[in-house]
Amino acid sequence: MARNKIVDFWIESSQKDFQVATGLFKLKHYPQSLFFCHLSLEKLLKGLIVKHTKQNPPFSHDLEKLAILTSFEIKKREVDILNEISSFNIAGRYGDEKFEFYKKFNKKDISQKYLNLTKELTIWLKKESQKK
């Protein structure tokens, strides 16, 4: 598959996952919405890795690690947010963590905060991508 098609696949898939996150939020499925926020950012970062490094992205769900591989200048605030959102991947999948995750994040205001942060990071990443 041509590199541009691979980049397009990742970015389009990221956009669809953010739409799913938004839809789940509207349905009051807050923890699931946060899980899709993570997926959205992970796929966007993987697309940007391919675009800017011409390399395949690693098999990783760690958003900070993926962001570093883009070679963008990343501030501590972005790293902190990426790490918080990375935790939604693990917590949304596995046993005891899943129960605690659902208990802690089954709240509208918390989900709204992370939906907004995901949107903000998406815009920032796309702007950074245009600089390169």
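Buried means under 20% relative accessible area, exposed means over 50%, and partly exposed is anything in between (1.4 Å probe, protein chains only). By that yardstick, Lys-131 is exposed, at 63%.

These close-ups come from a predicted model, in which local features need pLDDT of at least 70, side-chain atom pairs count only at pLDDT 80 or more, and totals for chains, interfaces and linings use all residues. Residues are numbered from 1 along each chain as its sequence is written, and side-chain values use heavy atoms, with hydrogens and water left out.

**View 1. Lys-131 pairs up with Glu-128 in a salt bridge.** A salt bridge here is a side-chain nitrogen of Lys or Arg within 4 Å of a carboxyl oxygen of Asp or Glu, and this pair has N and O at 2.9 Å. Both residues sit in helix H6, three residues apart, which is about one turn of the helix. (Helices, H or I with at least four residues, and strands, E with at least two, are DSSP runs numbered from the N terminus.) So what does the surface look like for each partner: buried or exposed? Lys-131 is exposed at 63%, while Glu-128 is buried at 11%.

**View 2. Lys-46 and Glu-42 form a salt bridge within helix H2.** Their closest N and O atoms are 2.9 Å apart. The two residues are about one helical turn from each other, because they are four residues apart in helix H2 (residues 30-53). Lys-46 is buried, with a relative accessible area of 7%, and Glu-42 is buried too, at 6%.

**View 3. Arg-77 meets Glu-120 in a salt bridge.** The N to O distance is 2.5 Å. This one links distant parts of the chain: Arg-77 belongs to helix H4 (residues 76-91), Glu-120 to helix H6 (residues 108-131), and they are 43 residues apart. Arg-77 counts as partly exposed at 44% relative accessibility, and Glu-120 is also partly exposed, at 35%. How many salt bridges does the structure hold? There are five.

**View 4. His-38 sits buried in helix H2.** Its relative accessibility is 0%. The side chain of His-38 reaches the backbone oxygen of His-61 at 2.8 Å, a polar contact (a pair of N or O atoms within 3.5 Å; within protein, one must be able to donate a hydrogen and the other to accept it, and residues adjacent in sequence count only if both atoms are side-chain atoms). Leaving aside residues up to four places away in sequence, His-38 touches His-61, Leu-63, Ile-85, Ser-86, Phe-88 and Asn-89, where contact means heavy atoms within 4.5 Å.
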